[in-house]
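Work through the three exercises below with the sequence and the model at hand. Each task is followed by a solution in steps.

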Amino acid sequence: KTVLAWKVPYDKDIVKYEIQYLNVNGQRNVLDIVPGRNSTAYTYSTTAALTSDVGLYVASIDSCSKGSTLNYNVSTMFLKTAYNRCGYSTGLTWNSYQFMPGGLKEYRVYYSVNGGPFELIGSTTQTSFTHAKADAGQNLTYFVRAVNADNSITSSSNRVSFKASQVVSPSFVYIKDAGYYAPGKIIVNVIVDTLAPLQGVDVWRSEDGSTYKLAGFIANTGAAQYAFVDEFAEAGQRSFFYKAMVKDSCGNNRTQSNICRTIFLRSADVKDELFKRSLSWTAYEGFNAGIKEYEVYRIVNDVMQSVPVVSTKSFVLQYTDDLESVSDQGARIMYMVKAIESPGNTYNVNGESWSNPATVYLDDNLFVPSAFAPNGANRVWKPVTGFVDITEYNVRIFDRWGHIVFETSDLNTGWDGADTSDDSFAYLISYKNSRGEYKEKKGSVYLLR
């Protein structure tokens, strides 16, 4: 509907008003008659103003059937909109409102979301306006209102409604797992819906699960699975939270993934227990199907044992290990914990997450026999080692003149006293302990046949 309103003229002889319009040929046509001098409004009950600007004019007619002069330049404002699906903005344009009584002050722009109340979003003296950050994916309605200088007279445009549609975006992004990759690095394995176009995926990192920082971007290659290596995560210092965010084909952030938390493993001494070490770790978070179990692995001299030391239930986050059985295998002992996902993942994958390695520092033990009898019970002289680096071990035996009579770098090789007679010999043992410290031990051994 289009409403035409006017003020009552000064002429007391007015008996009616003639509502007119111009046809497509510019000819004047009488649309209707409004009787009575004090009538001040007419409603044009068609939808013409929804498709173009509408010119309606009113002429006052006196008792002698004489009509007043008309201004045929007055028309409604016709609003047009254009929605930018990538920029989430609406561009609005309209024709200027002419001959506003008292002069035009401004145009005010209003909009409504999903049929809710209209709110003022801005004003301008131009005939165009851009609404930034329009509500994407919602039903929006706009109109423009012209206001005169003293705010006493207004004129509103047609209303334009549309669905602020977005470009199609992947329906899901899922972090399969996140865990230790290398010193100072964490690997995040991501699965993305490939049925919709996208620019790629942002990976975000947080230390507290609340404040996130952008860790990096995975460019789309058309694949369904991606491995992102976070080069700047202090994997051995704490656990981290990760989430992924899809960037659609416009580069806008859209679908968010699950949130994962990596495992942080720590080791500690056990009071009054020489060979025992206590392990504790933070729970892994983020598996779609939950955690089945944790496996604890021991690493000796940089070689991980093929089977776990123990498997714990999902709620058990600690274990105490006895290292006595491996004390003679070397000095470098570490642990890692692996979280294993339960069966039934929605995305038909099985997640696994590794913790950081936790190094165990044990006091080196070195027992050196003071005598041996090649023809007796103790036929071979060999030091007994505990938590000594097997790659940095050396034993030398000297006679009384300083000549080397025996030398080995093998922990398991001893001296049988061959080609020597009963005497006292000096030894020098060089080795490196679990902390990387180089040490020496000197003494004498007596050979008795």
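Two strands count as paired if DSSP finds at least two bridges between them. The model used here is predicted.

**Exercise 1.** Find the partner strands of β8 and state the sense of each pairing.

Solution.
- Step 1. Begin with β9 (residues 119–124): five bridges link this strand to β8, and the two run antiparallel. Within this pair, R108 lies opposite S123 of β9.
- Step 2. Look at the turn. The hairpin of β8 and β9 has five residues between the strands, and N114 takes a positive phi near 55° there.
- Step 3. Go on to β11 (residues 139–148), which pairs with β8 (residues 104–113) in the antiparallel sense over nine bridges. Here Y111 faces Y142 of β11.

**Exercise 2.** In the open sheet with the order β32-β37-β36-β34-β35, determine which strands stand at the edges.

Solution.
- Step 1. The sheet has five strands, and its pairing is mixed.
- Step 2. β32 (371–372) and β35 (404–408) stand at the edges; each has a single partner strand, so one side of each lacks a neighbour in the sheet.
- Step 3. For β32, two bridges lead to β37 (residues 438–447), and these strands run parallel. F372 stands opposite L447 in β37.

**Exercise 3.** Describe the largest pocket and its lining.

Solution.
- Step 1. The volume of the largest pocket is about 1,100 Å³.
- Step 2. Its lining has 39 residues, with V3, L4, A5, V74 and Y97 nearest the centre. The elements giving two or more residues to this lining are β1 (2–5), β5 (57–62) and β12 (154–156).
- Step 3. By class, the lining residues are 22 nonpolar, 14 polar and three charged.

Key. Residues are numbered from 1 along each chain as its sequence is written. This is a predicted model: local features need pLDDT of at least 70, side-chain atom pairs count only at pLDDT 80 or more; totals for chains, interfaces and linings use all residues. Side-chain values use heavy atoms; hydrogens and water are left out. Helices (H or I, at least four residues) and strands (E, at least two) are DSSP runs, numbered from the N terminus. On a 1 Å grid over the protein atoms alone, a cavity is a set of points where a 1.4 Å probe fits but cannot get out, and a pocket is an open set with protein on both sides within 12 Å along at least five of seven lines; lining residues have an atom within 4 Å of a point. Grid points are joined across faces, edges and corners, and a volume is the space filled by probe spheres set on the points. Ala, Val, Leu, Ile, Met, Phe, Trp, Tyr, Cys and Pro count as nonpolar, Asp, Glu, Lys and Arg as charged, and the others, Gly among them, as polar.
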